[in-house]
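User: Please take a close look at one part of the model shown below, and then set it in the context of the whole fold.

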Amino acid sequence: MSTQNIIIRECELKDIPYLTSLTKELGYDTTTDQMTERMSNIMTLNNYWTLVAVAEDMVVGYIGLIKNYFWEQDGPYLRVQALVVNADYRKLGVGQKLIQAAEQLARNHNIKTIVLNCTNREERQAAHKFYPKLGFESKSTGYVKQLK
């Protein structure tokens, strides 16, 4: 399959079953009902975007993006909150096309910085090699605290 056959477009409600499956592939257990609730909220926010990669009439990847603002410098930045490609379509340029679409969206909104975090789990080692190939630099360590 050629990347020319991959279409990047905005997510639609009909894509939720695919997003559910892809989110599970990303390592986060979720149901279609949960994903429907999440996307119903996300799709109402004008600083959030979900772009999907479509190949052979099915969604084979998605990227979730959020426009935020810096405290420590001027201007906005675009955060990649989620990026996943179906295992059968990895290493075919789908992820690269999703990142390129995010870069174009950033340019369209006069955003000059894109940031992302990638967990340190073993299954993310390929992603740790993928992002630098696209020009991303490792700049920080992230921390998470779950509140009870």
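What is the relative accessibility of Glu12, and what does Glu12 count as on that basis?

Analyst: The model is predicted, so local features are taken only where pLDDT is at least 70 and side-chain atom pairs only at pLDDT 80 or more, whereas totals for chains, interfaces and linings use all residues. Residues are numbered from 1 along each chain as its sequence is written, and side-chain values use heavy atoms, with hydrogens and water left out.

Glu12 has a relative accessibility of 34% and therefore counts as partly exposed. That class lies between buried, under 20% relative accessible area, and exposed, over 50% (1.4 Å probe, protein chains only).

Glu12 belongs to a salt-bridge network that also links Arg9, Lys14 and Asp15. A salt bridge here requires a side-chain nitrogen of Lys or Arg within 4 Å of a carboxyl oxygen of Asp or Glu, and four such bridges are counted. Glu12 takes part in two of the contacts described here: one with Arg9, where the closest N and O atoms are 3.8 Å apart, and one with Lys14, where the corresponding separation is 3.5 Å. Arg9 also meets Asp15, with an N to O distance of 2.8 Å. The members of the network span the accessibility classes: Asp15 is buried at 2%, Arg9 is partly exposed at 22%, and Lys14 is exposed at 59%.

The wider fold contains an open sheet of five strands, ordered E1-E2-E3-E4-E5, with mixed pairing. Strands E1 (7-10) and E5 (114-116) form the edges, each pairing on one side only, and the twist from one strand to the next averages 30°. Strands are DSSP runs of E with at least two residues and helices are runs of H or I with at least four, numbered from the N terminus; two strands pair if DSSP finds at least two bridges between them. Strand E3 (residues 58-69) and strand E4 (residues 76-85) are antiparallel and joined by nine bridges; Lys67 has Leu78 in E4 as its bridge partner.

Helix H1 (residues 16-25) lies across E2 (48-55), E3 and E4, at about 80° to E3. Helix H3 (residues 94-108) also packs on the sheet, touching E1, E2, E3, E4 and E5, and its direction makes about 160° with that of E4. Contact means heavy atoms within 4.5 Å; axes are lines fitted to C-alpha atoms, for helices over the stretch in contact, and angles run from 0 to 180 degrees between N-to-C directions.

One aromatic pair is counted. The ring centres of Phe70 and Tyr77 are 4.6 Å apart and their planes lie at 45°, so the pair is tilted. The rule pairs rings of Phe, Tyr and Trp (its six-membered ring) with centres within 6.5 Å; planes under 30 degrees apart are stacked, over 60 edge-to-face and the rest tilted. Both Phe70 and Tyr77 are buried.

Two loop residues deserve mention for their backbone angles. Most residues other than glycine have a negative phi. Glu56, in the loop between E2 and E3, has a positive phi near 50° and is exposed, at 59%. Asn110, in the loop between H3 and E5, has a positive phi of about 55° and is exposed, at 53%.
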